[in-house]
Amino acid sequence: MLSVTDLDVSVNGGMILNELNLEVQAGEVHAIMGPNGSGKSTFANVLAGHPGYEVTAGSVIYEGQDLLQMDPEERARQGVFLAFQYPVEIPGVSNVYLLKAAVNEIRKHRGESELDAVKFLKLVREKLKLVDMKEEFMHRSVNEGFSGGEKKRNEIFQMAMLEPKLAILDETDSGLDIDALKVVAQGVNELRDASRSIVMVTHYQRLLDYIVPDYVHVLAGGRVLKSGGKELALELEEHGYGWIEDQSAELLETRA
Amino acid sequence: MNTVVSSAADAADYVAAQQVAAGALPAAGTPWLDASRDKAKAILADVGLPTARLEDWKYTNTRSITRSKFDPVLRSESWSEAAVIEQLQIPELQSHRLVFADGIFVSEFSNSADLPRGVRVMSMAQLLQSEPEYLKSALGSALPESPHGFTAMNSSFISDGAFVEIGSEVILDKPIELLFISACSGKDRLGLPRNLVLCRSGSSATVVERYLSATKSRSLTNVVTEVVLDDSASLNHYRVVDESADSFHVGGLFAQQDQSSRLDACSVVVGGGLVRNDVLVNLNAPGAAVDLTGLYLGRGRSHVDNHTHVVHHTPEGTSREHYKGILDDRSRAVFHGRITVGSGAQQTDSEQSNQNLLLSRDAEVDTKPQLEIYADDVKCAHGVTVGQLDENAVFYLRARGVGEDEARKMLTLAFAADVLAKIELPALKGYLEHCVSDLLLSVSHTS
């Protein structure tokens, strides 16, 4: 599904990701954890094609294709979805308008016909239930005036509508109270299936209680320092990131 | 002094043309009208046509207008291009319609037969000829005290235009559409429509003025619309300028409002080489309310200048003003919004905003909000923004599969959405949304 090899990324000349490697197979859920500034969100944004980051070395192969050569919209149409850490407010563009455009772009790409109004509405109603959102949200401007929890739910709702092959969740748990977290996690769990991969970027172990990953990777200083099963998250919970960072420092010293 | 800041020489041709034409203008020989035209001509000769040395014209260079000599069109030239009308009309817009070619009424394409009792919609020239006295008190009553040269020029020629009267307590559902077509006959023609809209007490109506070009020939439209709102009257007024890139347009909307009257005036500039709109609203009695909205689109090398002035003379008036501009290519815009709250205008509630979206590095806007407050118990606010499309929003849309061009188009339309949302005529709204989308077909990427 996704194969990231020796990825280097910089912003304004400063290196954020440094020889990052990651393999994700179809149907797997990977959690990427790490302290603030470790490069987690950069990684999520680079996968989605954010133009603010410069890939200086390495490769990202998605479904056998060079992901880095694709425009963001091309990636989305091929099944890559980023749930934003900070969903953007877009006054004047209604949720329903954006979703209709997005769904139809993706369908067009797959060689499918546009959904008619009735089928579209039916799909909307079905997916709204997943995240416990009211239909009136559809007619509000995208994220405008939404609470933090509503914005995150809206991201998962969009994900449900677009049915991606590779979903990247960037700190989807941040700013959520426990009830909202449960709703969001349940929405994500409903979307888990054998052909869909999920990469979750998070600072806290808490999310992993609700969305149980197959693999956990710890990111620090722009590279994966440790990978393991879900029990790695528990070790982190116990020892904190300091434990890993100490190992990281030793590693860097060894290399120097 | 005047010769220093303006150009009387530029006005001389028009003063001379007026002298030649005066005797044959509609209702010539009517003493008050002759005196009024003569006075306006004297003002024109004195102040001349404005130049950039005048504070109110600082950012608008009129040289492109004054270096040509435009020929006033004062009587019918039997213009009858049905195909042009067919092309310029908004098919879904059901209206009582008057059509003017270079400022002169064309009865053939007009349709105002089914007006309800108490409503008059007709040619100004016809009314001047048949009942000049009917116009004596109203014509010129809403003009600014010191009109600029273009307004004076219009007043010196008063020949044709639309006369609209909504009788007391009449609620008119179907809009009145005034279609002004310029560049109908030949090059460098000057249309001088003069409109008067009288809204009697308790009446309610919608008037749509549209300005379009028949051909791509260079032309000048110099129009004045006066609006008088009696007590508790309300008017929805739309003004759409969509002329050719070689056209010049100077327009005035001057309104007087009585007690508890309400004016909603929406100005949309879609096309034109140089467009200058002056708006003056006098709130003359307590409880009067005005809501000015505007949208201006610039492309190519077009120039759009909106000058608005709302004067609160009396207590408990409300004014809202919200203008938005979208500028592409090397276009330029000017916004000067002035609000005066007189010493007697306590409990005034006034808000003004001007927001601009620049789609190109070469586009430019000069914006100047101005509050003058002489009362102490008022609520006034104003704000200005000039910005570009939010690149985070562009990325967000692209990350959902929307192509980059489409994303920019969506966001630009969204910028205009709140102004367009105020347009209560679905057919007109659809037409204008289409105009905004059209602008974006040629959208230049700033990256």
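In this predicted model, Glu163(A) comes out as partly exposed, with a relative accessibility of 38%. Glu163(A) sits in the loop that runs between H5 and strand E9 (166–170) of chain A. Its backbone is a bit unusual in sign: phi is positive, at about 45°, although the residue is not a glycine. Asn143(A) also has a positive phi, near 65°, and is likewise a residue other than glycine. This asparagine belongs to the loop between E8 and H5 of chain A. Asn143(A) has a relative accessibility of 0%, so it counts as buried. A glycine turns up with a positive phi too: Gly111(A), just after H3(A), takes a value of about 80°.

As for H3(A) itself, the helix covers residues 95–109 of chain A, and its 15 residues should span 21 Å at 1.5 Å a residue. The end C-alpha atoms are indeed 21 Å apart, so the model agrees with the expectation. The buried residues of H3(A) include Leu98(A), Leu99(A), Ala102(A), Val103(A) and Ile106(A), and the list also takes in Asn95(A), Asn104(A) and Glu105(A). The cover over these buried residues draws on both chains: from chain A it includes helix H2 (72–77), strand E7 (90–94), helix H4 (117–130), strand E8 (141–142) and helix H5 (148–162), and from chain B helix H9 (391–398).

Helix H6 of chain A (residues 178–191) gives a similar length check, with 14 residues reaching 20 Å from first C-alpha to last, close to the 20 Å expected at 1.5 Å a residue. Its buried residues are Ala180(A), Leu181(A), Val183(A), Val184(A), Ala185(A), Gly187(A), Val188(A) and Leu191(A). Among the elements covering them are H4, H5, E9, strand E10 (197–202) and helix H7 (206–210), which belong to chain A.

H4 and H5 also pack against each other. The axes of H4(A) and H5(A) are 9 Å apart, and the packing angle is about 135°. That angle makes H4(A) oblique to H5(A). On the H4(A) side the contact is made by Phe120(A), Leu123(A), Val124(A), Lys127(A), Leu128(A) and Leu130(A), and on the H5(A) side by Phe157(A), Ala160(A) and Met161(A). The crossing of H4(A) past H5(A) is right-handed.

Chain B has a helix pair of its own to look at. Helix H3 (residues 31–47) and helix H8 (residues 149–157) of chain B have axes that come within 7 Å and cross at roughly 150°. The cut-off for roughly antiparallel is an angle over 145 degrees, and H3(B) and H8(B) are therefore roughly antiparallel to each other. Their crossing is left-handed. H3(B) brings Arg37(B), Ala40(B), Lys41(B), Ile43(B), Leu44(B) and Val47(B) to the contact, where they meet Gly149(B), Ala152(B), Met153(B), Ser155(B), Ser156(B) and Phe157(B) of H8(B).

Two strand residues of chain B are worth a look as well. Val121(B) is part of strand E6 (residues 119–123) of chain B, and is buried at a relative accessible area of 7%. Leaving out residues up to four places away in sequence, Val121(B) touches Leu98(B), Ser112(B), Leu115(B), Phe163(B), Val164(B) and Ile176(B). From C-alpha to C-alpha, Val121(B) is 8.7 Å from Arg97(B), and the two are 24 residues apart in sequence.

Glu226(B), in strand E12 (residues 219–229) of chain B, is buried too, with a relative accessible area of 0%. With residues up to four places away in sequence again left out, its contacts include Ala138(B), Leu139(B), Gly140(B), Ser141(B), Ala142(B) and Leu143(B), and also Arg194(B), Asn195(B), Leu196(B), Val197(B) and Phe254(B). His249(B) is 23 residues from Glu226(B) in sequence, and their C-alpha atoms are 17 Å apart.

Finally, the cysteines. A disulfide is a covalent bond between the sulfur atoms of two cysteines. With a cut-off of 2.5 Å between the sulfur atoms, the count over all chains is 0 disulfides. Cys266(B) is in no disulfide, and its nearest cysteine sulfur, that of Cys435(B), is 12 Å away. Cys266(B) is buried, with a relative accessible area of 6%, whereas Cys380(B) is partly exposed at 24%.

Conventions:
Residues numbered from 1 in each chain as written. Chains lettered and ligands numbered in written order. Predicted model: local features only at pLDDT ≥ 70, side-chain atom pairs only at ≥ 80, totals over all residues. Heavy atoms only, no water. Buried < 20%, exposed > 50% of the residue type's maximum accessible area, 1.4 Å probe, protein only. Helix = DSSP H or I, 4+ residues; strand = E, 2+ residues; numbered from the N terminus. Expected span 1.5 Å × (residues − 1). Contact = heavy atoms within 4.5 Å. Axes fitted to C-alpha atoms, helices over the stretch in contact; angles between N-to-C directions. Parallel < 35°, antiparallel > 145°, perpendicular 65-115°, else oblique. Left-handed = near helix turned anticlockwise from the far one by under 90°.
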